[in-house]
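Please open the model in your viewer and keep the sequence panel beside it. The tour below goes from one selection to the next and says what is to be found at each stop.

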Amino acid sequence: MWLLSYNHIFLNQVLSLKSIEALYLSSSSEPESKSRRQFIKYGVAGAVGFGVASAIEIPILNNSLQNDNNAIKQKDSQISSLTTQNNTLQSELSNSQQMQAFLTLNPITERPVVEALAEAIIPSDSSGPGAKEAGVIYFIDRMLAGSYGKAGNMFMQGPFIHPQTAPITVNGVTYSGGTITPRLQAGTAYQYAFSPRTFWRNGLMSLQVYCNSAYGGNFENLTATQQTTVLQDLFDNKSSNSNLQAAFQAPNAAEFFNEVHDMVVAGFWSDPAHGGNQGMVGWKLIAFNANYWGDDIGLGAAKLMLQSTPTRLSPKSLSDLQKEGGGM
Amino acid sequence: MSTPIQHPQTDVVVLGLGHMGGPIAAELTKAGYNVVGIEKGPFWDFRTDWRQDNKDDEWGIAVERKFDHPLYISTFTIRNNMNQFALPVRRYTKNIQYHALGHGVGGVGVHYGGGLGRFSPWSYQPVTMTKAKYGDAGYNTILSNVKGGTPDIEDWPVTYDDMVPYYNQWEQAIGVVGTNQCPFIPNAKFPMPPHPSTPYAEIFKTAVESLGYTPFPSVSALISGAYTNQYGVSRNSCVYCGWCGGLCNYPCEVGAKTSSHVSTIPYALTTAAGKGNFDMRLNSYVFRINTDSSGKATGVEYYDSAGQVHAQPAKVVFNGIWGFNLIRLMLLSGIGNPYDPVKHTGSLGRGLTEGYYPSTSSASVQLSVGANAYCSGNAAGGGYNIMDLNEVNPKYNHSSDLSFMGGVSLGFGSYIGSGPNTFTTQLPSRTNFGSTWKASLKDSKIPAKITATLSGTGPNLPLLEHYADLDPNYTDIYGDPGARITIDWDANTYRVSNYLINGSTLITDILAKMGDPTTIKKNTVQELSSHVDWWGHHMRGGARTGANKNTSVFNKYMQCWTAENVFAAGEICDTFGDNLTAGTHVAGPMAYLAAEGIKMYLASPGPLVS
């Protein structure tokens, strides 16, 4: 099943590295393929100029010269506007491409599926750029290669007792009440002897086993509708879903979905210094602006939070603050 | 174990240089005593460590917790009852807050929200004042209705009036902000004026005034202007940057949010150290209080950052360590009488409650104004509170429903300032992903009209079934047993909120005055519908101060009943916690009371209470 993935990731690399023309040629040669769909999604979302150009097509010109001229003028104007937009986007794309190297994610078995998971959770769509443009996969890769992935700040002493309601005997003592049943988000929920890096490795493999057994293909090759259903299956983690239970052991499906969702969300909204949220696209979506002090925006101290009609401000990253000399 | 490095005896050794240790270090050095302060973590210099370009980092702080206690050093285990195996907290996660410990001078005060407020006279005397209000029979009815365990409630050994002078000293030291017009918490004179109020706070204020209540500006530890305290330590005003953390994550880069590192320790480090009577040992981990054959402490032993053991003899040991670790160190050192949860004897570990609370019933209404939910941390203030719906108000009378005790300090209108909080509350669900969800987030933090939600949360009651002890299965990094807590929610806090939301119209009357009554919505939460699965910052009891030496660990001067030269302070020493405020404000005066006790003891050693 990895052959499909290999083809896909090759095209993905091309998408990331080559010119717009090359992208178009390579993807147009297989118009119905998954990579073609991805290319269109990527383009329409605004990160690549050509994708945007489809918006200026004028379907019918009549025989009137005047109308032709008007249409041409209108088209020129649109092209001019789109050229400006394209230059901006190219510039942002160039900035975002500063981080292309992967540190830990396996190029064949992990990158395509992590990328597809991130895009399914935060798609590029009419509300703006998504996980793809934000480079969420780079965030996840860096975190898995670092302290997070290596359990750097975790308490990793045994015994490792998975949360359970059944009676359990540990070190000769029987506990008839089992353990607490922590929420997935609690620090008591993770009771594995292995690191989050292994958690992800196991979870991704289980996901592919499940997608192949239940839907006939790798997660990244399923339709958007199927991907949504798969994510809901993971969240539900029904004991009656035998394919799911056979595929997932440690972590279980709900734990895995929780972790993936956590990290995709974190990668979309953390500071760009950590590899995701490139071009601050995550912050732009939600009008995040908190690192402007009351005084900095010219309203005077304490005024911003006294507004009853909030204004939309643009954000600053750690990099911006450092360029300004620390922001102090 | 290597031979300890022996240090000369000092008058007072202070364990932990946070909110509690700071006042002790300042007061005892000021009085001319020699003080050694031992702190597990580093000294953070807010001007450099927390400069904005290092600090405005949500991932690094809220998840990686780069300025907080590393869990690989030590953690705690949690279970809801004695029949369960207690699970260790293995990591910090982004979605559940309030559980990072402090690490360094300033302690938890480095990253706490800074929301303050005094306990009311009722919170100090819940038994006496509840009996006075509902009669002995009424009080017994309340106790008989407690669900989840057997109540173990006591009055504090001090009254609110006794504590007023110590509140004043503490508030002056840290620069508390507010204008206490609350008639039920008398004699409060906060040294700093409140922060400007928000438009939606004014809506709340007008609404509650029209109902005859007395609103007062919310109390905060974030100073509203330049300030110099009684030790001559000066600080900058809050700049309303938004990064102080409604979720209790972020240190303050201008020093406006107070803990010991910007209020008391700087005095000890400059004025007192100039006289040579303050010595600060950083990155040092105390593992024992040593005792002699009479049970008195002789000093402490600690590891330095290289693992070398040091011995520090002292005339007095002040235990200012956070929460369960205060209990744990005493259990490891054989000081105090450990609580026996079967026979209900002993006091150390007994009476543990959680100052935080589960999700309870609430009601909401839509207001006509909008707000920017990013700017300024909510702990700065900007809102109003009322204490009219609290047990301390004689007119608040729920004799029609004696299934609970206590009421609420109802507040609204503080700067929404959820911290940056751009991702920490986005939980996975069947629908929280994909285009529809993403579109719903767009500009959701800058709504044109905000929804006002009010809920009530009464106190969690101390029960005989809830306690702290040493864990039999897990140790800290040095091999000593960690702390285990056995705790769960009781029904009381749910019932307070249910009474306020459903059993009366007290909350909906306010909401109807605040916004369009047709938009009022109630959310009813069933009691005991969730369980404790993490620890909160505001753990209380467990090492209580009290009048009864059989059920408390410390007397009213915060002197240990069984070791006369061991003193302590902290929320964990509360006799009765009340979650009408974060308990930090209540613990501070306790440290000033302990400072007085220590001075009395050093002048004339012996038990201060017979």
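Begin with the contact between the two chains of this predicted model: select the 73 residues of chain A and the 77 residues of chain B that take part in it. On the side of chain A that touches chain B, the elements that give two or more residues are helix H6 (111–121), strand S1 (168–170), helix H10 (224–236), helix H12 (253–269), helix H13 (281–286) and helix H14 (318–323) of chain A. If you colour these elements separately, look for H12(A), which with seven residues provides the largest share of that side. Colouring the same side of chain A by residue type instead will show 38 nonpolar residues, 29 polar ones and six charged ones.

Stay with chain A for a moment and display the whole chain as a cartoon, where 14 helices and two strands make up its secondary structure. Of its 328 residues, 44% are buried, and among the contacts in chain A between residues at least 6 apart in sequence, 61% join residues at least 24 apart.

Now select chain B, whose secondary structure comes to 13 helices and 22 strands. The radius of gyration of chain B is 23 Å, close to the 25 Å that the globule rule gives for 610 residues, and chain B is therefore as compact as a globular protein of that length. Turned along its principal axes, the C-alpha trace of chain B spans about 75 × 60 × 50 Å. Buried residues account for 63% of the 610 residues in chain B, and of its contacts with a separation of 6 or more, 78% are between residues 24 or more positions apart.

The next stop is the largest nonpolar core, which has 245 residues, and in which A:Val264, B:Phe318, B:Ala568 and B:Ala594 touch the most other members. Domain 2 (131–282) and domain 3 (287–328) of chain A both give residues to this core, so the core lies between these domains. As background to this stop, nonpolar side chains tend to be buried together in soluble globular proteins. Centre the view on B:Ala568 and, leaving aside its neighbours within four places in sequence, show its contacts, which are B:Phe318, B:Asn319, B:Leu326, B:Ala543, B:Phe554, B:Met558, B:Cys573 and B:Ala594.

Two sheets of chain B come next. Select first the open sheet of three strands in the order S6-S15-S16 (chain B), in which the pairing is antiparallel. Strand S6 (216–217) and strand S16 (410–412) of chain B stand at the edges with a single partner strand each, so one side of each has no neighbour in the sheet. Between strand S15 (residues 384–386) of chain B and S16(B), which run antiparallel, there are three bridges, and a pair to pick out is B:Tyr384 with its bridge partner in S16(B), B:Phe412.

Then move to the open sheet of four strands in the order S5-S4-S19-S18 (chain B), where the pairing is mixed. Its edge strands, each pairing on one side only, are strand S5 (87–88) and strand S18 (467–475) of chain B. Follow strand S4 (residues 76–79) of chain B, which runs parallel to strand S19 (residues 481–486) of chain B and is joined to it by four bridges; here B:Phe76 stands opposite B:Ala483 in S19(B). With S5(B), S4(B) pairs in the antiparallel sense over two bridges, and B:Ile78 stands opposite B:Leu87 in S5(B). Are the two faces of S4(B) covered or open? Both are covered, since B:Phe76 and B:Ile78 on one side and B:Thr77 and B:Arg79 on the other are all buried.

Helix H1 (residues 21–30) of chain B is the following selection, and nine of its ten residues are buried. Among them are B:Pro23, B:Ile24 and B:Leu28, together with B:Glu27. Just beyond, H1(B) is followed by B:Gly32, whose phi is positive, near 95°.

Finish at B:Leu528, which sits in the loop between strand S20 (521–523) and strand S21 (539–540) of chain B. B:Leu528 counts as partly exposed because it has 14 C-beta neighbours inside 10 Å. Not counting residues up to four places away in sequence, B:Leu528 touches B:Lys147, B:Gly148, B:Trp489 and B:Ala491.

Definitions and conventions:
Residues numbered from 1 in each chain as written. Chains lettered and ligands numbered in written order. Predicted model: local features only at pLDDT ≥ 70, side-chain atom pairs only at ≥ 80, totals over all residues. Contact = placed C-beta atoms within 7 Å. Nonpolar A, V, L, I, M, F, W, Y, C, P; charged D, E, K, R; others polar. Rg over C-alpha atoms; globule rule 2.2 N^0.38 Å. Buried ≥ 20, exposed ≤ 12 C-beta atoms within 10 Å, placed from the backbone. Core = buried A, V, L, I, M, F, W, Y, C linked by C-beta atoms within 7 Å. Domains from an automatic or database assignment. Pairing = 2+ DSSP bridges.
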